[in-house]
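Colleague: I'd like to learn how to read side-chain features in a model like this one. Can you walk me through it?

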Amino acid sequence: MEHNNAFNMGIFLGILIVTVLGLIYKKKFSKGEVKKYDERQELIRGRAYKHGFKSMVICILLLLFAEFLVGRAFLDKWVYSLIIIIVGSCVFAVYTIVFDAYFYISMNRKKYIRVLVIATVINIICAILMVFSGGLVVNGMLTIKSINIFVVLMLLVVMFAVNFRAKIDEQLSKREDED
């Protein structure tokens, strides 16, 4: 699938901006803080990596099987690759959030949630722009212009997991207060 130079430049600039902002954010807000996880969290994170990897393998197999059933490719090679990465990352994030191993001991959860909301809003805007610009599906194939939709879905799932974990923590706190 060929893209015009402006589209390619937009993707490059988007990746560059996210990288620069990520480095600035990390430098500004980390303040020499070391990510410290306790032993329980480390074990859970290890299991989460394993589940994330397995989900990526399953995703590859499912996409290949779907392609086999359809009889032709229905995803652009970039979409194919990025969906697999998104699925693995989402499984890792949700697993560690639900089992209380995502946030390290001194991490400011409110800052993280703020960044998550901002990233979601930016991706929703980009997804809407891509939908209206056309070219999401070309010759029956989902193109790279659709990737923001998948990123939004992942971010919404992660936000749901964070909210779910907050509710669990709230219930546990109420039980401790009652005792």
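Modeller: Sure, and keep in mind that this is a predicted model. Let's begin with Met9: its relative accessibility is 46%, so Met9 counts as partly exposed, since that class runs between 20% and 50%.

Colleague: Where is Met9 found, and which surface patch does Met9 help make?

Modeller: Met9 is in helix α1, residues 5-30. Together with Phe12, Leu13, Leu16, Ile17, Val20, Leu21 and Ile24, Met9 makes a nonpolar surface patch of about 750 Å².

Colleague: Now charges. How many salt bridges does a search of the whole structure find?

Modeller: The count is 4, where a salt bridge needs a Lys or Arg side-chain nitrogen within 4 Å of an Asp or Glu carboxyl oxygen. Take Arg40 and Asp100, with their closest N and O atoms 3.6 Å apart. Arg40 sits in helix α2 and Asp100 in the loop between α3 and α4, so this pair ties together parts 60 residues apart in sequence.

Colleague: Which other side chain meets Asp100 in a salt bridge?

Modeller: Arg109 does, at 3.4 Å, N to O. Arg109 also forms a salt bridge with Asp169, at 3.6 Å between the closest N and O atoms. That pair links helix α5, home of Asp169, to helix α4, home of Arg109. Through shared partners, Arg40, Asp100, Arg109, Arg165 and Asp169 join into one network.

Colleague: And Lys145, is it buried or exposed?

Modeller: Lys145 is buried, yet has no salt bridge: Asp76, the nearest side chain of opposite charge, is 11 Å away. Lys145 lies in the loop between β2 and α5, and its side chain reaches the backbone oxygen of Gly134 at 3.2 Å.

How values were computed: Residues numbered from 1 in each chain as written. Predicted model: local features only at pLDDT ≥ 70, side-chain atom pairs only at ≥ 80, totals over all residues. Heavy atoms only, no water. Patch = residues over 30% accessible without salt bridge, like charges linked within 9 Å, V, L, I, M, F, W, Y side chains within 5 Å. Areas by Shrake-Rupley, 256 points an atom, 1.4 Å probe, with all protein chains shown as cover. Helix = DSSP H or I, 4+ residues; strand = E, 2+ residues; numbered from the N terminus. Buried < 20%, exposed > 50% of the residue type's maximum accessible area, 1.4 Å probe, protein only. Lys, Arg positive; Asp, Glu negative; His and termini not counted. Polar contact = N/O pair within 3.5 Å; in protein donor to acceptor, adjacent residues only side chain to side chain.
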